[in-house]
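Please walk me through this structure, with attention to its cysteines and to the surroundings of one histidine.

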Amino acid sequence: MTALVPLDAVAPEAVEALLDRAFPPGRQARTAYKVRGSVRPIASLCFAAVEEDRLIGSIQCWPVALTQDDGLVHPMVMVGPVAVDPDRQQGGIGRELLHHMLDAAAAQGLDRAMMLIGDPEYYGRFFGFSAEHTADWRLPGPVERHRLLARGPDVPALAGMLGPDPGQV
Ligand SMILES: CC(C)(COP(=O)(O)OP(=O)(O)OC[C@H]1O[C@@H](n2cnc3c(N)ncnc32)[C@H](O)[C@@H]1OP(=O)(O)O)[C@@H](O)C(=O)NCCC(=O)NCCS
């Protein structure tokens, strides 16, 4: 049976090994990693899917912000990476992790502005993320605009630079 537990309960090396299995090589060079920089994850929104003692999925979230050119800061939660062991993909574990995280974010009042870089066919269809408000965001690396997604009533539809939340660095 699959259990969802706080990611803190899992050895960091096991999480890195799962991410290595789920993503192609070079994931650390992706723009998503540059956006969050060296900020610490939001522990209360990071979860692992485990079966017996085996890690089969993980989700992490980070404090980021869109900073307008006049300096006004709009904090957001960045979602990802989300990873399911290749042996166990397409079995509902990714959806379970996302829904569990979104429920936790709602309970903590952290679901008003969330963003991620990912496939709209997955994150739009199941979780309501869209690229509707992100067209004017600038990022510290290349991004396919249709994969820059956001969700929530406080998502800033404004021009600005996306990066680690300066209040958390
Ligand atoms: C993307 C990922 C997290 C999805 O988790 P999962 O447990 O495999 O998928 P789920 O069981 O939750 O969802 C399955 C459904 O979503 C669809 N789906 C899964 N991944 C998809 C994607 N990248 N794009 C579009 N649809 C996708 C499937 O077709 C399936 O649809 P169906 O129910 O109509 O058949 C997982 O496949 C994964 O780890 N992939 C590699 C790493 C990655 O790309 N992570 C996301 C970027 S941060």
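A disulfide is a covalent bond between the sulfur atoms of two cysteines. In a model, a pair of cysteine sulfur atoms counts as a disulfide when the two lie within 2.5 Å. The model shown here is a predicted one, and it holds 0 disulfides. Cys46 takes part in none, and the nearest cysteine sulfur to its own, that of Cys61, is 5.8 Å away. Seen from the other side, the sulfur of Cys61 has its closest cysteine sulfur in Cys46, and at 5.8 Å that is too far for a bond.

Accessibility can be read for both cysteines. Buried means under 20% relative accessible area. Cys46 has a relative accessibility of 3% and so counts as buried. Cys61 is buried because its relative accessible area is 0%.

The histidine is His74, which lies in strand β4, a strand that covers residues 73-84. Its relative accessibility is 19%, so His74 is buried too. The side chain of His74 makes a polar contact with the side chain of Gln68, at 2.6 Å. Leaving aside residues up to four places away in sequence, His74 touches Val64, Ala65, Leu66 and Gln68, and also Pro156 and Leu158.

For the wider setting, an unreviewed UniProt entry places the feature "domain: N-acetyltransferase" at residues 2-150. Over residues 2-150 the chain is 27% helix and 30% strand. The C-alpha atoms at the two ends of this stretch are 28 Å apart.

Methods. Residues numbered from 1 in each chain as written. Predicted model: local features only at pLDDT ≥ 70, side-chain atom pairs only at ≥ 80, totals over all residues. Heavy atoms only, no water. Helix = DSSP H or I, 4+ residues; strand = E, 2+ residues; numbered from the N terminus. Buried < 20%, exposed > 50% of the residue type's maximum accessible area, 1.4 Å probe, protein only. Polar contact = N/O pair within 3.5 Å; in protein donor to acceptor, adjacent residues only side chain to side chain. Contact = heavy atoms within 4.5 Å. UniProt positions renumbered as here; feature names shortened; annotations may be inferred.
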